[in-house]
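Hi,

Here is the structure I promised to pass on. Have a look at it first, and then read on for what turned up.

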Amino acid sequence: MTDPVTPYVTLSDGTRMPAVGLGTFGSDKYGPAEIAEAVYGAVKAGYRLIDCAEVYGNEDRIGEALGRLFRVGAVRREELFVVSKVWNDHHGCVGEACVSSLAALGLDYLDAYYIHWPFPNYHAPGCDGDSRNPDSKPFSADEFLSTYRQCETLYDEGKIRAIGVSNMTVSKLEAVFPSLRVRPTLIEMELHPAFRQKDLRAWCADHGLQPVGFCPLGSPSRPERDKTSEDIAAMEMPVVKEIAARHGIHPAAVCLKWSRQSGAVPIPFSVKPAQYRMNLACLTEDPLTDEELTAIDASDADCRLIKGQVFLWEGADDWRELWT
Ligand SMILES: NC(=O)c1ccc[n+]([C@@H]2O[C@H](COP(=O)([O-])OP(=O)(O)OC[C@H]3O[C@@H](n4cnc5c(N)ncnc54)[C@H](OP(=O)(O)O)[C@@H]3O)[C@@H](O)[C@H]2O)c1
């Protein structure tokens, strides 16, 4: 059996980007060594996009895996699209955070660098979902722009080849977009059949922002602190299961096909070779029909899983205030 070839999309600046990637957030369940091994195996299996972040705490081990891949000649640096993200407590020193991620990853440039969350609100790793940091504040366009300017400097220096935003809303984008000198080309957003963010994606399509869909399978292994009783599991949705049965495929494949055929770049996480191989292969065969895509769109439950409640400021009562 030959390995599937990664599909590509073209970004608004003309860059070709792999249209599926491997997530690397272990959700408190998988450690750095397992994830690094998955990166090694996934690249050998054909993945070319690796979604990293300093807060995932594993960039040094991923860097070792990338080094091994280069040494054995499995892939060349220019064939990979490696991204990282500045964490909330480094909005005042983005250059240092980026250089530190580059050193950990063993790279001299990133294909894209995201502002992970659009505010500097910080919480300790693994903290309780109801904890509040007294320094947390609502979104400020000026504060965001000051962080973004530092990304523009990194872009000018050649350390990053694109700027990405993440966890944004239409109103926040509208508040800052006219002031951005180097236009972002990528936006990470939660995206799965139970949460399809139609308005945000329409805005992004009009403004040259490629959606990169995180939690594309509904993040079944996310930390307990990110689970509530109202959450809807994308892979358990009747419409997803019916389509999976019709095609004789796993519901995970339906979620990923829907994401890609809806124009997003999904970045599913897995450390299990059978899963990550299938997650790539399913995007190169047996597409969903227009009727199936419409049926999934019609079942949108508007169910956000990553609510971000730990980033709330004192006095805010509901996680929805983060998403205005
Ligand atoms: N920008 C942001 O703020 C942000 C936020 C969240 C995530 N992300 C990125 O997005 C990535 C993906 O999100 P995620 O990891 O939360 O969720 P996800 O990709 O939706 O779910 C991953 C989980 O789904 C299961 N899975 C994977 N492939 C499968 C398959 N073929 N069949 C059945 N089950 C399968 C695995 O569970 P088991 O391990 O239990 O088998 C795996 O741990 C992250 O790793 C991270 O890189 C970014």
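Before anything else, please keep in mind that this is a predicted model.

I'll begin with the sheet. Eight strands make it up, in the order 3-4-5-6-7-8-9-10, and it is an open sheet with parallel pairing. At its edges you'll find strand 3 (21–23) and strand 10 (265–266); each has a single partner strand, so one side of each is left without a neighbour in the sheet. For strand 3, the pairing is with strand 4 (residues 49–51), in the parallel sense and over three bridges. If you want a spot to click on there, G23 sits opposite D51 in strand 4.

Now to strands 5 to 8. Strand 5 (residues 81–86) and strand 6 run parallel and are joined by four bridges; K85 has Y114 in strand 6 as its bridge partner. To get from one to the other, the chain uses helix 3 (residues 94–105), and strand 5, helix 3 and strand 6 together form a right-handed β-α-β unit.

Strand 6 (residues 112–115) is in turn linked to strand 7 by three bridges, again running parallel. Two residue pairs show how they line up: Y113 faces I163 in strand 7, and I115 is opposite V165 in strand 7. Strand 7 also pairs with strand 8 (residues 186–190), in the parallel sense and through three bridges, with V165 standing opposite I187 in strand 8. The connection from strand 7 to strand 8 goes through helix 5 (residues 170–176), and this β-α-β crossover is right-handed.

What about the two faces of these strands: are the residues of strand 6 buried or exposed? Strand 6 is covered on both faces, with A112 and Y114 buried on one side and Y113 and I115 buried on the other. Strand 7 (residues 163–166) gives a similar list: I163 and V165 point one way, G164 and S166 point the other way, and all are buried. The background is simple enough: side chains in a regular strand alternate between the two faces of the sheet.

On to the ligand, which is probably what you'll open first. There are 29 residues around the ligand, and G23, F214, L217, S219 and F269 come nearest. G23 is also the residue across from D51 in strand 4, so to speak a link back to the sheet. By class, the shell is made of 12 nonpolar, 13 polar and four charged residues. Which element gives the most to this shell? That is helix 9 (residues 273–281), with three residues.

Helix 9 has some further detail to offer. Its residues Y276, N279 and L280 are buried. They cover an arc of only 95° around the axis, which puts them on the same side of helix 9. As a reminder, an α-helix has 3.6 residues a turn, so residues three or four places apart point the same way. What do the buried residues of helix 9 pack against? The partners are strand 3, helix 1 (32–45) and helix 8 (251–261).

Two backbone oddities are next, in case you check torsions. Q197 has phi near 50°, which is a positive value in a residue other than glycine. Q197 lies in the loop between strand 8 and helix 6 (198–206), and it counts as buried because it has 22 C-beta neighbours inside 10 Å, where 20 or more are needed. D286 is not a glycine either, yet its phi is positive, at about 50°. D286 belongs to the loop between helix 9 and helix 10 (290–298). Is D286 buried or exposed? With 12 other C-beta atoms within 10 Å, D286 is exposed.

Last, a look at R16, which is part of strand 2 (residues 16–18). R16 counts as exposed, with 11 C-beta neighbours inside 10 Å. Setting aside its neighbours within four places in sequence, R16 is in contact with Y8 and T10. From R16 to K307 there are 291 residues in sequence and 31 Å in space, C-alpha to C-alpha.

That's it from my side.

Cheers

Definitions and conventions
Residues are numbered from 1 along each chain as its sequence is written. This is a predicted model: local features need pLDDT of at least 70, side-chain atom pairs count only at pLDDT 80 or more; totals for chains, interfaces and linings use all residues. A residue is near a molecule or strand if its C-beta atom, placed from the backbone, lies within 6 Å of it. Ala, Val, Leu, Ile, Met, Phe, Trp, Tyr, Cys and Pro count as nonpolar, Asp, Glu, Lys and Arg as charged, and the others, Gly among them, as polar. Two strands pair if DSSP finds at least two bridges between them. A crossover is right-handed if, with the strands pointing away from the viewer, the path from the first strand over the helix to the second runs clockwise. The arc is that of the directions from the helix axis to the C-beta atoms. Two residues are in contact if their C-beta atoms, placed from the backbone, lie within 7 Å.
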